[in-house]
Amino acid sequence: MPANAPDPERELLVNTAARRLILLAHGSPNPQHGEAMTQISQRVAANLPPGWQTTVAYLQHQQPVLPTVLSANGDTKVPTLVLPVLISNGEHNQDDVPAVTAGRPLTPVPALTPDLLLNSVLEAVRAAADHAIDPNFQTIVLATGGSAAQDIAQHFDALRARVEDELRSRSQARLHVSLICRPADLGALVRGTQNALVVPLLVAPGVLAGRFRAAAGELNVPVSEPIGQTAAFARALAQRALATDAAT
């Protein structure tokens, strides 16, 4: 065989290892959302084996949408996985994701569940504490969007309890963790407390994150970055994709 001729066995190994992972995000009118999703995609890619390609598609507000991403690369020999980058199992995950993925040559990856978000929340709290004058927070408020498809508080209750237990064990303080779904609910939780922190249970900056930040600013309460901006969140996405791939 000539020195520069294709090696069938080597090509087979390369093709077998290749995977395409599409991160399917909600999308937002806020351009920062797209910038943040690009960063998340890069962090996820850094946690995947060589041969994996990672890109982003959106459900709404932004481009490209999933059909565009799929049609942009006609190599159907590369297995494609689609992972919804959604914090909760709301109507987008229950209705919109199946609607855009049904009948397509791809493998759906289950979205992250609250039990897989603990390290992301803890990392966001640690980062906020590093920049706080008093890092010994007494109140942590987990802020997320509501959902018509479920009782959102119940959905996140186990995560709230785990965050509270973990932070209490580390600080030996009487710390309390609460959950809100509306910026207007923040005042009732933080008024009268000496030291509070708002942690957005959101993937990236966007309209809702801006509203929570504005409400916290009026109360002079610091806000961490959305948990989707943490390295732990990207690792969780990569692990979810790898586990799904190994099971198929």
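Two strands are taken to pair if DSSP finds at least two bridges between them. With that in hand, the predicted model can be read outward from strand 1, where I22 has V82 as its bridge partner in strand 3. Strand 1 and strand 3 (residues 80-85) run in the parallel sense and are joined over six bridges.

Strand 1 also has strand 2 (residues 52-58) as a partner, again in the parallel sense, here over seven bridges. On this side, I22 is matched with T55. To get from strand 1 to strand 2, the chain passes through helix 2 (residues 31-46), and the resulting β-α-β crossover is right-handed.

How buried or exposed is strand 1 (residues 19-25)? Seven of its seven residues are buried, so the strand is largely enclosed by the rest of the structure. In a regular strand, side chains alternate between the two faces of the sheet. Here R19, L21, L23 and A25 point one way, while R20, I22 and L24 point the other way, and all of them are buried.

A further part of the model is an open sheet of three strands in the order 6-5-7, with parallel pairing. Strand 6 (176-180) and strand 7 (196-200) stand at its edges with a single partner strand each, so one side of each lacks a neighbour in the sheet. On average, and ignoring direction, neighbouring strands of this sheet are turned by 25° against each other. Five bridges connect strand 5 (residues 139-143) with strand 6 in the parallel sense, and among these strands' residues I140 has V177 in strand 6 as its bridge partner. Helix 6 (residues 152-171) packs on the sheet and touches both strand 5 and strand 6, its direction making about 160° with that of strand 6.

Turning to the interior, in soluble globular proteins nonpolar side chains tend to be buried together. The largest nonpolar core of this model holds 47 residues, of which L21, L23, M37, V44, V121, I140 and V199 touch the most other members. Helix 5 (residues 118-130) supplies the largest share of this core, seven residues. What does V121 touch, leaving aside residues up to four places away in sequence? Its contacts are L142, L159, V163, V199, L201 and I227. Apart from this core lies another, of 14 residues, including A143, A216, V221 and V223.

How values were computed. Residues are numbered from 1 along each chain as its sequence is written. This is a predicted model: local features need pLDDT of at least 70, side-chain atom pairs count only at pLDDT 80 or more; totals for chains, interfaces and linings use all residues. Side-chain values use heavy atoms; hydrogens and water are left out. Buried means under 20% relative accessible area, exposed over 50%, partly exposed in between (1.4 Å probe, protein chains only). Helices (H or I, at least four residues) and strands (E, at least two) are DSSP runs, numbered from the N terminus. A crossover is right-handed if, with the strands pointing away from the viewer, the path from the first strand over the helix to the second runs clockwise. Axes are lines fitted to C-alpha atoms, for helices over the stretch in contact, and angles run from 0 to 180 degrees between N-to-C directions. Contact means heavy atoms within 4.5 Å. A nonpolar core is a set of buried Ala, Val, Leu, Ile, Met, Phe, Trp, Tyr and Cys residues joined through side-chain atoms within 4.5 Å.
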